[in-house]
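Work through the exercises below with the sequence and the coordinates open. Each one sets a task and then solves it step by step.

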Amino acid sequence: MLTPILVLVAVLAVASGVVAVAAPNPRYATLGAFAAVLLAALVADPLPSGAAVIARLAGAVLGGWLVWTALRGAPSASARSALGWPGAIGVAAAAFAIGWLAASSFGATVAVGVGDGMVADVPGATLAGGSVVARAAIATAAVLAVLAATPVVLPRDGHRLGLGLVLLIAAASLLCDALGAWPDDVVELAFAVLVALTGAAIAAVVAALLRTGGDLVLHDVRAREPAVRHRAADDAHRDAAR
Amino acid sequence: MTLAALLAVGAVGAVGSGWALGRGGSASRLGAIGGVLCLVLIALLAALSPTPATLTADATGAVAGTLWNGALVPGAYLRVVIVLWSAASVVVAGVAWLLRGTDGLRGLLPATLAALVGTAVTLAASSPVLGVVAAGATGLASVPVVLASPRAAAAAIAAREVRIAVATALVVLAVASVAPVLERLIFANPDGPASSPGSGTAAAIAFGLLAIALVVAARVGAIPYHVRVSALTDLVAPGSLPLVAAWLPLPLAVVAVGVVAGVLAPLKPPVGSAQALIIAATLLATLAAALVALIQDDLRHAVGYLTIADLGFVILAIASLDPLLWGPARTWLLMVAVTKTALAVWAAVVENRFETRSVPELRGWLRPSPLLGCALLLIVLATYGLPGWAVMNARVALAGHGAGGPWDAALLVAPILLTLPAYVRWLWLGMGAATSHVDRATPELAGMSKLPTRRLALTPPARGRNAGLPIEQEHSDTPVSATPGWLAAPAGGAPDRATQAGTATRTTTAAPDAEAEPHPTTPVLDVRPGTGVGVRGRTGRTGRGTASAMTASAAPTAAAQLALPAATPAADEPAVPTPRRALRATSGADAAAQAADTIKRHRTGLLSGAVLALALLASLVAFGAFDVASAACEPVPGISACS
C-alpha cells in the first residue's frame, strides 16, 4: 500500500535535487536541497520510526532556515549548474534509470549468492528480497550524487557547494537505509545533526562571502602571504591584510 | 551519566563561549573564562568516565555509563584522547590569549569545545555509521576558526573546509554501508569465501579500500592534497593551527581505520595491487612533505608540512588490511596530535617573539630563548622517541606490518631521515649570529625579572570594541583610548631599530590619511630599560589584525617626534602612575587587573613556559605515559575485528 507513495516521495526527492542545482535563485535552490534531504529520510523500507522522522525534519528545517536567513542580501541569481533545467532533468532521469538497474542487478546478485542464507534484518535483505522502495532509494541516491558532483568537485559558488554537500548527505542516508546497514534511530538522529550543522556552516560561509565580496563566488585562496615572502622594495605599500 | 555530562558541558560551552566571545568587552572576557572552565571540566569528566571494564548492567539490562541503549560506550581511548586534548587546549588557549588577547580565542575556544564533543561521540560510537557521521560533523569545527580571520580569503577556505569535512565522511560512510552486504555475499559460499582475484567482489573491496585511503589522505592534507593545509597555516591564528591541522583529522582517521580493520579486513580480500598502490603513494607523499618542510622558509608552512608528513603515516594502517594495526594506528594519531600541538605552539611563540616567521630571519633565536630551545629538543624527542617508547613502537608497527617486504625499512627510515633535518636546521640556525629580529627581542629569562615591557601608543587611537581601553601615553596624565599592545598580535610588525638606553628620540611616520581610513595602522612603542625602543606597526582593526608587513617607517609622511624618559619603573611597580591606575589601586576592587599586569610583565617567560609544558606533555605521551598504547588497542563495540 505504501510502496507507490514511497516511490512518489523518491521522485519528489529527485525533483527537489534538480531544483537545488538548476534553479538560478539561491533561495529556491536552498529549498530544493533541504527538501531533498527531508524527503530522502522517508524513502525507506521499513519506514523509520516517528522519532527518527521528527529528528530529520528538525535537522532539515533548522539547516535550511539558517541558510535562508544568511541569504538575506544575496543576489537574486547565482551560479547554477551549466546544464540548466533541461540538462539537469535529463541527467537526473538517466541517473535514476541507471541507479534502478544497478540496484536490481545488485539485489539479484546478493539473492543468488546468498540464497537461503539471507534472512530479514540483515544488511542487503530488503534489496535482495526485491523491494521496490529499496531500489527507488538507491536510484534516488544515484541521482542526488550525480547532481551534487559538479558543485562539490569543481566549486565556483560557496552556496552551491554547500547545497551539493547537503544532497550528498541525502544520498548517503538513502544508501544506508536501502542496504539496511546499521539501522538505528541514533544514526538517524546523527544524520539530522549533521544536516543542521552543515546548514549552519553553509550559512556562516554565505554570510562571510556576502560580507567580503558581495556575492557568493569563491575567490582564489592561493594568494601567498605577503608578510612572509621575500620582499621587494615596494612591498611595504601592499595590503598585508589580503 | 559522565559521558552525557561531558557532552552537555562541551555543547553548552561551545555555544556560550562562541556567543560571548563575539560580543567583545566584558562579555568576551566572561566567554573566555567560561570556555576555559568548560575545557577543564571536560578533562575532569573524561578522566572520571567509566571504562567498558567497569560498566555494569542494572536490573533492566541497561548498562550504566552508556547512552542510548549502548549506542555510545565510553572507552579508555576516548578518555585518554579527551583528557589530553582538553588539557593541551587549556594551555593553547592561554598561549592564544597571551598572544592576541580575547581576540585570539574567538573561534578557537568554541571550535575546540565543539570538536571535543564530536570526537567524544565519534570514539564512543558503537556502530561505524554513527562514528562516521559524528566524525564528519566534528570536522565542521574548523569553520569558526577559519572565519575568525578578517582576511577576504577566509570564506573561500571555510567553504573548502566544509567540503573536506562532509565529503570525506560520506565516502567512508558509503564504504561502511556496502561492505556488510559484500560480507554476506562472500561468506555465504559453503566452499569458502567467494572472493577471488579479479572477481567483482574483490574489485569492489579494492575500490572501497582505495576510496578510504584517498579520503583519509585528503583529510590529513597529505600531498597532493596539501594546498588546503598550506592555506590554513597562512590564514588561521597561530594558536588555532594545532586544532585544524592535528586534532580535527583524528576522528575521521580513527573511524576510517576502524572501518578497514573491522569491516573490510575480515573479508580477507585479494587486493594486493591496491595495497601496493596505497603504500607507494603514502611513501611518496610522506617523503615529499618531509622534503618541503626541510626547504620551506616559512615557519608556519614548515610546521604544517611536518604535520602532514607524520599524519600521512597512518594511511599505512589502511593499506595493510591488518586488524592488528588498529592499536598502533590510533596510538600514532594521538602521538602526532599531541606532538604537533607542541610544535605549532612553539612556532607561534617564536613568530610572536621575533616578529617574523621567515626561518632565515630567525638566526640566533636559541641564545635569548633557552626555554624554547629545550622545548624544541623535547618535541623532537617526542616525535621520534627512543627504542621501547610508545611512539617508536607505533612507528615500527605501522612501517613493518603496514608495508612488509622490502618496503618496511624504507618506510621506517626515510621519513625520519627527511623530517629530522628540518628540526636540525632550526636548531642550527638558532646557534648562529643573531639577526636584527632576534637582537631586539625581549630576552626570555631576563624579561621575567628585569625587563618590563611597556608599550606606548602613538596617534591615531584604535577604534572598534577596544576603543575604550586605556593606554598610558608618555608625559600625559590622560589615558589614551587605544588597543593595549599585549592584546594585539604584533606578529609581522617590524621595529625599525633600537635606540640608545635612556632618553630616546624617534621619528616615526603615519599615513597622511590615517585618520580617514577605517582601520588605521597604530604604531606601538616597546620601551625596555637598557635595551631601547622599538616601533612596530599594527593594524588597529579591533585587535584582529593579522601579520602586517607595514612598519611605521614605511608610511610616507606625517612625522612625529617622541621623547622617552631615561628610565622606567622597576618590574614590580606600576609602569606609569596614571590617574586611571591610581583609581584602580585605591578602589582595591581590581585584583584581576593587577594579576593581568603581572601576567603582562611575565608574558615572555609565561609563553616559553607554556611551550615547555606542552613539549613535556608530548614527551610523556610519546614515552607511553597515561597508558596510551594499551588504551589504543582496546576493543571497541561494533568493530568485530578488535573484539
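**Exercise 1. State how much of each chain is buried and which secondary structure each chain has.**

Solution. The model is a predicted one. Of the 242 residues in chain A, 58% count as buried. Chain B has 643 residues, of which 61% are buried.

Next, take the secondary structure. Chain A has eight helices and zero strands, and its pattern along the sequence is α-α-α-α-α-α-α-α. Chain B has 24 helices and seven strands.

Last, take the contacts by sequence separation. In chain A, 76% of the contacts with a separation of 6 or more come from residues 24 or more positions apart. For chain B, 79% of the contacts between residues at least 6 apart in sequence join residues at least 24 apart.

**Exercise 2. Find where the confidence of chain A is lowest and highest among its helices, and which stretches fall below 50.**

Solution. Start from the average: chain A has a mean pLDDT of 83, and 84% of the residues score at least 70. Confidence is lowest in helix 5 (residues 125-128) of chain A, with a mean of 78, and highest in helix 2 of chain A, at 93. Over residues 227-235 of chain A the pLDDT is below 50, and this stretch has twelve contacts in the model beyond near neighbours in sequence. Residues 237-242 of chain A also stay under 50, with 14 contacts beyond four places in sequence.

**Exercise 3. Place A:P24, classify its burial and list its contacts.**

Solution. First the location: A:P24 sits in the loop between helix 1 (2-22) and helix 2 (26-40) of chain A. Then the count: 15 other C-beta atoms lie within 10 Å of A:P24. A residue is buried at 20 or more and exposed at 12 or fewer, so A:P24 is partly exposed.

Now the contacts. Not counting residues up to four places away in sequence, A:P24 touches A:A77, A:S78 and A:R80. The C-alpha atoms of A:P24 and A:S78 are 5.7 Å apart in space, while the two residues are 54 residues apart in sequence.

**Exercise 4. Check the spans of helix 3 and helix 5 of chain B against 1.5 Å a residue, and describe their burial.**

Solution. Begin with helix 5 (residues 128-139) of chain B. The expected span is 1.5 Å times one less than the number of residues. For the twelve residues of helix 5 of chain B this should give 16 Å, and the end C-alpha atoms are 16 Å apart, which agrees.

Turn to the burial of helix 5 of chain B. Twelve of the twelve residues are buried, so helix 5 of chain B is largely enclosed by the rest of the structure. Among them are B:P128, B:G136 and B:G139.

Repeat for helix 3 (residues 76-100) of chain B. Helix 3 of chain B has 25 residues and reaches 35 Å from its first C-alpha to its last, close to the 36 Å expected. Helix 3 of chain B is mostly covered, with 22 of its 25 residues buried. Just after helix 3 of chain B, B:G101 takes a positive phi of about 70 degrees.

**Exercise 5. Describe the surroundings of B:A165.**

Solution. B:A165 belongs to helix 7 (residues 154-187) of chain B. The cut-off for buried is 20 or more C-beta neighbours; B:A165 has 28 inside 10 Å and so counts as buried. Leaving aside neighbours within four places in sequence, B:A165 is in contact with B:G136, B:G139, B:L140 and B:S142. Of these, B:G136 and B:G139 are buried residues of helix 5 of chain B. The C-alpha atoms of B:A165 and B:A141 are separated by 9.1 Å, and the residues are 24 apart along the chain.

**Exercise 6. Locate the backbone features at B:P224, B:L321 and B:D627.**

Solution.

- The peptide bond from B:I223 to B:P224 is cis, with omega near 15 degrees. B:P224 is in the loop between helix 8 (200-220) and helix 9 (227-235) of chain B.
- B:L321 is not a glycine, yet has a positive phi of about 55 degrees. B:L321 lies in the loop between helix 14 (315-320) and helix 15 (326-354) of chain B. With 23 other C-beta atoms within 10 Å, B:L321 is buried.
- B:D627 is not a glycine either, and has a positive phi of about 60 degrees. The loop between helix 23 (603-623) and helix 24 (628-632) of chain B holds B:D627. With 13 other C-beta atoms within 10 Å, B:D627 is partly exposed.

Note on methods:
Residues are numbered from 1 along each chain as its sequence is written. Chains are lettered from A and ligands numbered from 1 in the order in which they are written. This is a predicted model: local features need pLDDT of at least 70, side-chain atom pairs count only at pLDDT 80 or more; totals for chains, interfaces and linings use all residues. Helices (H or I, at least four residues) and strands (E, at least two) are DSSP runs, numbered from the N terminus. Two residues are in contact if their C-beta atoms, placed from the backbone, lie within 7 Å. pLDDT is the predictor's confidence in each residue, from 0 to 100.
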